[in-house]
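Got the viewer open? Let's take a walk through this one, selection by selection.

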Amino acid sequence: MNNLLDSLLSWVDTRAEVRMRRLAGRAGRRSFLHKAGGIFLGGVALPMLPYDNSNGIAHAKDVNDPNAIPDNCDYWRYCSLHGSLCSKCGGTVTQCPPGTTPSKVAWVGTCRNPKDNKDYLVSYNDCCGKAGACGDDCTRQERDRPGYRMGLASESSWCIANGGSGVHCTVAVVVGLAE
C-alpha cells in the first residue's frame with residue numbers, strides 16, 4: 001500500500017511541477033519582459049501605419065466616383081446659377097480661382113436634390129477681379145425673382161460690392177437643408 005501511495009504522490013508532484021513551470025513561463029518576469037518588449041516595438045511600428053495627413057484639404061475626386069460633382073449646368077446644385085462654373089475656370093465648386101475674390105454679397109437659391117428628394121439652400125457667389133468670363137455660361141434661373149428684388153435676382157452684378165470689378169465665374173456652396 002505504501003508503494004501505491006508513493007507512486008500516486010509522485011505522479012501528483014510531477015503533474016503539479018509541470019503545470020507550475022508552464023504557468024511560470026507565461027506569468028514570470030521573463031514573460032512580462034517579452035510582452036512589454038512586444039508592446040514597445042508595436043508602439044514604434046504604429047507611426048508607420050498609413051494615416052490621413054491632409055488636414056481637411058479636399059483632394060481631386062475620381063471621374064467615376066459617384067460622389068463627384070459634375071461640371072455640367074444640368075446638375076441639381078446649379079438650379080439658380082447664372083454665370084460660368086468656377087470649376088471650369090481654375091477654381092472648384094466652392095472656391096474661387098486664383099487671382100479672384102468672392103463677392104461680398106450673394107444670392108441664394110433653393111434646389112431639390114433628386115437623390116434624396118430634399119430641398120437645399122445653395123449660396124451663389126460671383127468670383128470677381130479677372131476681366132471676362134470663362135467657360136460656358138449656365139443660365140438655369142429656376143424660381144428666380146424679378147430684378148427689383150435685389151436679394152432674389154441672379155442677374156444682378158454682385159461684384160459691385162467689391163468695388164466694381166468684373167465677374168469672372170460663380171461658385172455654388174450648399175448652405176443646408178431648406179425648411
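Before the first stop, one cut-off: a residue is called buried here when its relative accessible area is under 20%. Keep in mind, too, that this is a predicted model.

**Stop 1: strand S4.** Select residues 118-128, which make up S4. How many of its eleven residues are buried? Eight are, so by the under 20% cut-off the strand is mostly covered. As you look along the strand, remember that side chains in a regular strand alternate between the two faces of the sheet.

**Stop 2: the neighbours of S4.** Now bring in the strands that pair with S4, one after another.

- Add S3, residues 107-113. S3 and S4 run antiparallel, with seven bridges between them. For a landmark, pick Cys111, whose bridge partner in S4 is Tyr120.
- Have a look at the turn while you're there: the hairpin of S3 and S4 has four residues between the strands, and Asn117 takes a positive phi near 55°.
- Add S6, residues 167-177. Nine bridges hold S4 and S6 together, again in the antiparallel sense. Asp126 is a handy marker, with Thr170 as its bridge partner in S6.
- Finish with S2, just residues 101-102, which pairs antiparallel with S4 over two bridges. Here Thr101 has Cys128 of S4 as its bridge partner.

**Stop 3: the nonpolar cores.** Switch on side chains for Tyr78, Leu81, Leu85, Cys111, Val122, Tyr124 and Ala172. These have the most contacts inside the largest nonpolar core, a set of 14 residues. S3 and S4 each supply at least two residues of this core, and S4 gives the largest share, three residues. Next, center on Tyr78 and show what surrounds it. Leaving out residues up to four places away in sequence, Tyr78 touches Ile69, Pro70, Asn72, Cys73, Leu85, Val93, Tyr124, Arg140 and Ala172. Apart from this core lies another one, of six residues, including Cys86, Cys89, Cys134 and Val171.

**Stop 4: the disulfides.** Show the cysteines as sticks. How many disulfides does the model have? The count comes to three.

Begin with Cys79 and Cys111, whose sulfurs sit 1.9 Å apart in a disulfide. This link is left-handed, with -80° about the S-S bond. Cys79 is in the loop between helix H2 (29-45) and strand S1 (82-84) while Cys111 is in S3, so the pair ties together parts 32 residues apart in sequence. Both Cys79 and Cys111 are buried.

Then select Cys86 and Cys169, joined in a disulfide with their sulfur atoms 2.0 Å apart. Is this link left-handed or right-handed? With 95° about the S-S bond, the Cys86 and Cys169 link is right-handed. The pair connects distant parts of the chain, 83 residues apart: Cys86 in the loop between S1 and S2, and Cys169 in S6. Both Cys86 and Cys169 are buried.

Last up are Cys96 and Cys127, a disulfide with sulfur atoms 1.9 Å apart. The torsion about their S-S bond is about -80°, so this disulfide is left-handed. Since Cys96 lies in the loop between S1 and S2 and Cys127 in S4, the pair ties together parts that are 31 residues apart in sequence. Cys127 counts as buried because its relative accessibility is 0%. That brings you back to S4, where the tour began.

Conventions. Residues are numbered from 1 along each chain as its sequence is written. This is a predicted model: local features need pLDDT of at least 70, side-chain atom pairs count only at pLDDT 80 or more; totals for chains, interfaces and linings use all residues. Side-chain values use heavy atoms; hydrogens and water are left out. A nonpolar core is a set of buried Ala, Val, Leu, Ile, Met, Phe, Trp, Tyr and Cys residues joined through side-chain atoms within 4.5 Å. Buried means under 20% relative accessible area, exposed over 50%, partly exposed in between (1.4 Å probe, protein chains only). Contact means heavy atoms within 4.5 Å. Two strands pair if DSSP finds at least two bridges between them. A disulfide is a pair of cysteine sulfur atoms within 2.5 Å.
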